[in-house]
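Me: Could you walk me through how the labels on this structure are justified? I'd like to see the reasoning behind each one.

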Amino acid sequence: MSKRRKLKWAGLLELLFDSGLLVLFVAQAFIAGCLLTYGYIPLPKEKLNREVSGKLPPGLRVEADSYRLNMSGKIELAGLKILSEDSSLPLFESDGIVVDIALGEGHMLKPELVDISIANGTLYLPAVYSPDGKRITALERISMRISRSDTNYVIENIAAMHENVRLRGSIEWPSDRIPQKAVTGPGQPKGHALRSFYKFIARAALAKDQLDFLTRPTVAFQLRPGEDGAVQALVNVSSRKLEHARTVGEDLRIRTELSISEDNILSQTQIKVFARTLQLPDYQTEIHGLTAYLRQEAWESFRQGLIPEFSLAAEDLVAYGIPIESPVVSVDLKAFPLVKLEGTTRGLKGAAKVRADINLLEQSGTIQADGSLDLLPLLPDKIRTALPSIRIDRKPDYQLRVNLASGWSLERAQLKARVNAIRVAELAFDYIGAELSLEDGQIQLDHTYLRRGRQWLDLGVGFNLDSKDYGISLVGFGNPKDYSPILPRWWKAIFRDFEFSRQSAGIGDFIIYGNGQNKVADLYYGSAVASSVTFRDVLLEEGSLVVRGRGRYAEVHDLDVRNKGGWIKGDVTFTSRADAIRAPVSVRLDLDAKIALEDAAKLFGGNISGLIREFESETSPRATLNAAIFNTSAYPAYAGRSYFDLAVSSPQPIRFKDVPFDRLALDVHGRDDMVHLRNVEFGYADGNGTAEADILLADKAKPELRFVFNLEDADETQAIRDLPQLKGVESSLDTMKGENIDRNQREKTRLNLDLHARGPLDDLYQYDGFGSFTIQGDRIGNIDLLGPLSRALNKVHLSFTSFTLDRMAGDFRLRNNRIRFNPLLVTGPRTRVEGKGTVLLPKQELDMELSVSLFSNFGRPDTTIGKISDRLNPLPTLLKFELTGTIQDQQLRSVYDPRNLIPGL
């Protein structure tokens, strides 16, 4: 019996096992058939909807059109919708969801979630949570992948669209923060989790409004749970373009970390903003390579439409045409439009620390900058145009304080500057230290020190931008010619003929007042002391002067110069006109000098120089000069107005036109075509003379000389010898007088001469005039009645046959190269010779008649001796002669041809 029971149970078990295998086979066949036919296995929709709904927060349910198990073992949900219990409209829907599950070890019948993939989903915001009270699409085109580990849920590859905003991101959520049962927690009303979720979505939607200025932005995020139910979001917003009412930009990125709760969105870290370009047209500003940092509380300011305090750095920035490189600035906009800036920057050829308080609405404020910058581009146009060109080779050091009035107009500025290697116009400086201030349109430059090698200058400048009035003070030493490019043109005119060397030294002190609209200053005054300065190629050992003037009148006053033991004192004035000619109309001289003639010729120039060069002296004569020299080449209307009055006094020997004078004093008055010599007093050939002369220059090629000449008690031999025009005559006279008269005797002869003449200045033979002369000496000539016998008797003191002559006098006339004597008297103690005739000067040819009275002067004619001497003269009519030939070769013939009766005359 027992055996039969055992068989019965064994058969039953076998049947059950076979049935199970059959059912399993049928199921496998069904699955295989479904897979082969459809590619998936359909799953029970209603049961799974209930199962999944039970996993959701209370108040939510799931409806899917189908559940499918595909060949890879993943479950596909088609037409998924998530709805609330009190609404038939879905809160979320998706075209397809794929769920990957696995059977864990030891849990063969309990599947475990591996990941969920969602495609083309749409999230709706119910009207009750919507900001405008209408049901709207919160997110569309949603795709993501959800996976689970032992501790976290990870949602990655999130992609969605909210209007024009693209979302990219991921979520990492701890498993213990996910409700395991669809129950309401203690103290929480039903649907609390759902409401919290939608409030979060609504607040996030409101945040989107803050991004309206971005074109098709992309928001990349990472979400994780925070404290007190908040969500922590690491957000990175990017956009190709930024278009705001006052801002335009490209390639903008914003990075921050937010805490999002039901009631608020707060920033947990500083907000970082990056932009390739940012333009603020209202403020004429463009930024490249921008990086900005905002404090974490800045998010609230953003929500209120305000720009909070932030720090920024940029590759370069251009504000109002001013380029700034690599600025790093802290910006405070709490009181916008009042802006506070503080930071450092490069640009303007340097770097600086900057502080500023700006009112963007009024376009006003204050700026402080300390550093090395080229601030010239910051100057207003009307200042830059008023200044000469400036080039800075090295970075200057500035301390700048600027107050800007409405419209960015410059109201007040203070600047301390230290500049090395700067060029102003054509002038290079080694160093400039300056303090500049500007207020109420007045520029004031104080405590300015300039250095150029050995030259130095302490400068002060005041300039009124409205009236263009200026004032300049200068103290220092330098080459005045170097500063001509930056000073009025009269300055260059004054110092044109000066040269300064490395040995030059001195100091000057000047003030200048004027108006920038005028080419010349209204008033200038100053003094200078210098040594080793060259003026017109003349080295001046030391000197001082005063420069003063008004307008186009300038004067070198109280000139006092020392040179080689000599000196120059006086005044020089310059007058110019308002035209394009960069030279004075006239120069006036009032000088008293005692200097070498060579230096005087260089100093005075012009006609005066030509006259001075005719003089030669080993010593320095004294001269006074009063002159006016007009620039007739540039101003022909002033032709004929130039003049000079020169007084020269030389108590020492001096030569004029190779004529030596023992002393000389004269006044020279020069006019346009005439030079007058007056009060001429001189010593010549050991005699004394006076003269007056006029030199007519109407014919420049043939100047004419007119003169009156008087010479008394001169050495006759020396007087003739020292006249270069009479060199031949002097040697001829020596030959003519032969051996009859001892040379020592002849040198004792004295000459008196009066002459009135006119003729070419350089040709003595062409003169036309008249005069008289007297030659007085112990023996100026001798008549030897018996020829050689008389000369022999003279040696034994028997001279009764020789007749001595000791005086010659006569009147003469100059004309046509001839001197005509009438009469010519030669007398001695006993003898009288009368003559008349001519001398042809170029050839020295003689044509004269002589009458000799041997005893005419022996006693008185009315006495007995006189009558006897007259009767003893045996040849009263025979001693008449014709004198011909030349002075070198005289031919003396009696009218009755007695030859050689009176040789040696």
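Reply: Happy to; the questions below take a few labels in turn, and please keep in mind that this is a predicted model.

Me: What makes Asp 592 and Arg 622 a salt bridge?

Reply: Their closest N and O atoms are 2.6 Å apart, and the cut-off is 4 Å between a side-chain nitrogen of Lys or Arg and a carboxyl oxygen of Asp or Glu, so the pair qualifies. Asp 592 sits in strand S35 and Arg 622 in strand S37, 30 residues apart.

Me: Why is Arg 622 called partly exposed?

Reply: Arg 622 has a relative accessibility of 42%. Buried means under 20% and exposed over 50%, so Arg 622 falls in between.

Me: How do you know that Asp 768 and Arg 815 meet in a salt bridge?

Reply: The N to O distance is 3.8 Å, and the limit is within 4 Å, so this pair counts too. Asp 768 belongs to strand S46 and Arg 815 to strand S47, so the bridge ties together parts that are 47 residues apart in sequence.

Me: And what makes Lys 492 eligible for a surface patch?

Reply: Lys 492, in helix H6, has 44% relative accessibility. Patch residues need over 30% and no salt bridge, so Lys 492 passes on accessibility. Lys 492 forms a positive patch with Arg 496, Lys 519 and Arg 582.

Me: Why is that patch called positive?

Reply: Its members are Lys and Arg residues, and Lys and Arg count as positive, so the label follows.

Methods. Residues are numbered from 1 along each chain as its sequence is written. This is a predicted model: local features need pLDDT of at least 70, side-chain atom pairs count only at pLDDT 80 or more; totals for chains, interfaces and linings use all residues. Side-chain values use heavy atoms; hydrogens and water are left out. Patches are made of residues with over 30% relative accessible area and no salt bridge: like charges are joined within 9 Å, nonpolar side chains (Val, Leu, Ile, Met, Phe, Trp, Tyr) within 5 Å. Accessible areas come from the Shrake-Rupley method with a 1.4 Å probe; for residues, only the protein chains shown count as cover. The place of a charge is taken as NZ of Lys, CZ of Arg, CG of Asp or CD of Glu. Helices (H or I, at least four residues) and strands (E, at least two) are DSSP runs, numbered from the N terminus. Buried means under 20% relative accessible area, exposed over 50%, partly exposed in between (1.4 Å probe, protein chains only).
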